[in-house]
Amino acid sequence: MSVELKVPSVGESVTEVQVGGWLVQPGQRVERDQVVVVIETDKATVEIPAPVAGVITQIAKTSGMKVRVGEVLGVMEESGTSGAASASASASVAAAASSPAPSAVPVSSAASGKVMPAAARVLADAGVAASAATPTGPGGRLLKEDALRAVAAKSAAPAAATPGARATEAVAMSPLRRTIARRLVEAQATAALLTTFNEIDMGEVQRLRQLHGESFLNKHGLKLGLMSFFVKAVVEALAAVPALNAQIRAGANGDEILYHHYCDLGVAVGGGKGLVVPVIRDAERLSFADVERAIADFGKRAQSNQLSLEELSGGTFTISNGGVYGSLLSTPIVNPPQSGVLGLHAIQERPVAREGQVVIRPMMYVALTYDHRIVDGREAVMFLKRVKECIESPARIMLDA
């Protein structure tokens with residue numbers, strides 16, 4: 001019996017996706033729940049498993065193509081229901097195996113005889129050498145999925161320019177990059193954005209991390225990081241300035257302000273396909289260990305593009321830490337429909353005045369960008385001052401940890 005592989009529903013507002021790549025070839029047998037194709041949305045990578053065990057008989061949509069939810073990606077024949085289909089699939093495999101690898105693919109002596117035909121075709125089409133791919137198949141065989149990874153890595157990396165050459169290269173924007181561009185332009189066009197700054201002495205937080213870091217690690221199996229302090233401080237500040245935990249939306253009688261009586265904090269982390277913002281739900285209820293555990297999990301899964309759409313949507317406020325990349329100062333952009341984003345920056349030892357004396361202290365600039373339509377400048381300053389107070393005197397917020 002033939003079984004169609006269709007694009008599943010991957011989110012309420014997602015109607016179109018991009019085919020990331022097939023991990024199998026026509027004629028190949030797969031087991032039930034084995035991942036056969038990967039699709040990309042504007043927020044995440046989604047793996048599609050085989051619904052039954054059988055043989056892939058047709059690939060209808062190839063890598064890079066845009067498809068809509070419900071479209072057929074490929075067809076497979078369920079095992080044991082059609083001898084003719086299985087025989088045909090076996091013949092396809094035999095034919096592929098007997099055909100010579102394309103001469104356009106340079107194969108090193110170490111890899112000679114180990115490059116599978118489907119992998120050779122993928123490498124030839126992309127002009128990528130077999131030596132650029134890492135084989136993961138039995139006996140050191142280079143599989144199609146190995147070739148796809150090598151091609152993807154080449155596409156992601158900008159081509160090296162010859163000195164003095166005026167070369168250009170056109171690369172299609174990924175779904176994630178297109179969405180980021182659209183939302184940033186939307187934020188600039190629809191909100192009255194303003195940024196205000198402050199600086200925070202990080203000395204006490206550093207002292208507490210040194211004092212309690214080892215016991216925290218032994219108890220929870222996690223390092224006590226900076227972000228948990230800022231998450232707790234932001235929760236305190238949002239309670240004091242609820243307008244920054246609100247959003248403007250269309251109501252029956254015109255625009256209205258929707259206040260959230262909970263804190264779902266988006267935390268920007270670097271992912272395998274760019275910056276993503278997973279959401280820590282009900283952050284006001286979490287301990288330091290809970291926050292660190294959530295952030296560590298997000299960071300790990302972001303690298304392998306395993307965050308779900310639900311984890312990347314619905315935040316009420318965002319924290320962005322450009323300091324991990326060395327940024328000293330920036331003006332972050334609000335993530336609509338949120339009304340505020342807090343930007344953290346690098347910690348730098350600087351001379352500051354304390355009680356009439358010039359001392360060297362570990363200082364951090366923080367930036368709050370907010371929607372001036374519902375947040376006044378006075379409230380923005382109050383918010384940053386509250387964050388500053390919590391970070392410079394963190395013992396109080398740690399009492400509930």
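The following dialogue examines the strands, one sheet and one helix pair of a predicted model.

Tutor: In this predicted model local features need pLDDT of at least 70, side-chain atom pairs count only at pLDDT 80 or more, and totals for chains, interfaces and linings use all residues. Residues are numbered from 1 along each chain as its sequence is written, and side-chain values use heavy atoms, with hydrogens and water left out.

Student: How many helices and strands does the protein chain have?

Tutor: The chain comes to nine helices and 18 strands. Helices (H or I, at least four residues) and strands (E, at least two) are DSSP runs, numbered from the N terminus.

Student: What makes E1 and E3 edge strands in their sheet?

Tutor: Two strands pair if DSSP finds at least two bridges between them. Four strands form an open sheet in the order E1-E8-E6-E3, with antiparallel pairing. E1 and E3 (29-30) each have a single partner strand, so one side of each is left without a neighbour in the sheet.

Student: How do you know that E1 pairs with E8?

Tutor: Five bridges join E1 to E8 (residues 72-78), and the two run antiparallel; the definition asks for at least two bridges. Within this pairing, Glu4 stands opposite Val75 and Ser2 opposite Glu77.

Student: Which residues of E8 face E6?

Tutor: Gly74 in E8 is the bridge partner of Ile59, and Met76 in E8 stands opposite Ile56. E6 (residues 54-59) and E8 pair in the antiparallel sense over five bridges.

Student: Why is E8 called mostly covered?

Tutor: Buried means under 20% relative accessible area, exposed over 50%, and partly exposed in between (1.4 Å probe, protein chains only). Five of the seven residues of E8 are buried. In E1 (residues 2-6), Val3 and Leu5 form a covered face, whereas Ser2, Glu4 and Lys6 form an uncovered one.

Student: Why is H6 called oblique to H8?

Tutor: Axes are lines fitted to C-alpha atoms, for helices over the stretch in contact, and angles run from 0 to 180 degrees between N-to-C directions. The axes of H6 (residues 227-240) and H8 (residues 377-392) come within 8 Å and cross at roughly 135°. That crossing makes H6 oblique to H8, because angles under 35 degrees count as roughly parallel, over 145 as roughly antiparallel, 65 to 115 as roughly perpendicular and the rest as oblique.

Student: Which residues make the contact between H6 and H8?

Tutor: Contact means heavy atoms within 4.5 Å. The residues involved include Phe229, Phe230 and Ala233 of H6 and Phe383, Arg386 and Val387 of H8.
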